[in-house]
Amino acid sequence: MWAVSPRFCLVGVLEDLVGRSIEREEAIGALLTPILDAKGYSLVRVKIAPEEQSILQVMVERPGGEAIELEDCADVSRAVSALLDAKDPMEGPYQLEISSPGIDRPLMNAEDFKQYMGYDASITLNAIRECRTKLAGLIVGVTEKAVKIQAEGNKKIVTVRFSDI
């Protein structure tokens with residue numbers, strides 16, 4: 001029975017690391033949003049991918065769904081790089097990646113989920129819930145704090161808080 005304890009300790013450590021990463025992503029998103037808005041872009045997501053050298057992924061789109069071109073990514077990269085160099089929110093060296101959402105656009109907030117109401121979605125949870133970290137199904141409802149998903153092959157409707165995504 002003692003062999004189980006280290007695994008639980010590791011889970012706690014991993015959840016703590018994930019929590020800090022999410023907080024940093026949110027702080028960087030808040031930092032970048034005003035400059036992106038001023039340039040006519042909307043921030044979709046900030047993600048820090050832990051690698052040998054961290055990768056800071058910044059996903060942007062144009063309001064109204066206008067296509068993002070390579071020159072747009074270069075323009076965003078220059079603006080974001082200058083701001084990140086000045087404020088230095090990352091620990092250690094990192095690689096900056098600028099991208100557009102593409103066909104597998106991540107749904108990040110209530111407005112995104114409302115826009116795709118009635119479509120299938122796959123949700124990755126930031127913590128284990130009912131022995132799962134992923135949930136897939138039809139978006140059937142959205143409130144300011146949660147999304148309702150009818151799980152694939154099931155009539156049950158599951159409510160997932162945005163804070164759990």
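## Salt bridges, to begin with

A salt bridge here is a side-chain nitrogen of Lys or Arg within 4 Å of a carboxyl oxygen of Asp or Glu. Keep that cut-off in mind as you look through this predicted model, where a search of the whole structure turns up nine such pairs.

One of them joins the side chains of D112 and R105, with an N to O distance of 3.2 Å. Both D112 and R105 are buried. The pair also belongs to a wider arrangement: E61, R105 and D112 are linked in a network of salt bridges.

## The overall layout

Let's step back to the whole chain. Its secondary structure amounts to three helices and seven strands, and in sequence order these follow the pattern α-β-β-α-β-α-β-β-β-β.

Of the 165 residues in the chain, 30% are buried. If you take the contacts between residues at least 6 apart in sequence, 44% of them join residues at least 24 apart.

## Two further salt bridges

K114 pairs with E144, and their closest N and O atoms are 3.1 Å apart. This salt bridge links distant parts of the chain: K114 sits in helix 3 (residues 110–115), while E144 is in the loop between strand 5 (132–142) and strand 6 (146–151), 30 residues apart. K114 is classed as partly exposed because its relative accessible area is 40%. E144 has 60% relative accessibility, so E144 counts as exposed.

Another salt bridge is formed by D164 and R161, whose closest N and O atoms are 3.0 Å apart.

## A pocket beside the network

Which residues lie nearest the centre of the second largest pocket? They are E61, G65, E66, P101 and R105, out of 13 lining residues. Two of these names will be familiar, as E61 and R105 are also part of the salt-bridge network with D112.

The pocket holds about 250 Å³ of space. Sorted by class, its lining has four nonpolar, five polar and four charged residues.

## A buried glutamate without a partner

E25 belongs to helix 1 (residues 4–38). What is the nearest side chain of opposite charge to E25, and how far away is it? It is K47, at 7.0 Å, and E25 is buried yet has no salt bridge. A salt bridge calls for the nitrogen and oxygen to be within 4 Å. Setting aside neighbours within four places in sequence, E25 is in contact with V46, K47 and I48.

V46, one of those contacts, is in strand 1 (residues 42–49). V46 counts as buried because its relative accessible area is 8%, and the cut-off for buried is under 20%. Not counting residues up to four places away in sequence, V46 touches E25, I28, G29, L32, L56 and Q57. V46 can also be compared with E26: the two are 20 residues apart in sequence, and their C-alpha atoms are 7.4 Å apart in space.

## An unusual backbone angle

One last stop is D88, in the loop between helix 2 (70–87) and strand 3 (94–99). Most residues other than glycine have a negative phi. In D88, however, phi is positive, near 50 degrees.

Is D88 buried or exposed? D88 has 53% relative accessibility, so D88 counts as exposed.

Key: Residues are numbered from 1 along each chain as its sequence is written. This is a predicted model: local features need pLDDT of at least 70, side-chain atom pairs count only at pLDDT 80 or more; totals for chains, interfaces and linings use all residues. Side-chain values use heavy atoms; hydrogens and water are left out. On a 1 Å grid over the protein atoms alone, a cavity is a set of points where a 1.4 Å probe fits but cannot get out, and a pocket is an open set with protein on both sides within 12 Å along at least five of seven lines; lining residues have an atom within 4 Å of a point. Grid points are joined across faces, edges and corners, and a volume is the space filled by probe spheres set on the points. Ala, Val, Leu, Ile, Met, Phe, Trp, Tyr, Cys and Pro count as nonpolar, Asp, Glu, Lys and Arg as charged, and the others, Gly among them, as polar. Helices (H or I, at least four residues) and strands (E, at least two) are DSSP runs, numbered from the N terminus. Buried means under 20% relative accessible area, exposed over 50%, partly exposed in between (1.4 Å probe, protein chains only). Lys and Arg count as positive and Asp and Glu as negative; His and the chain ends are not counted. Contact means heavy atoms within 4.5 Å.
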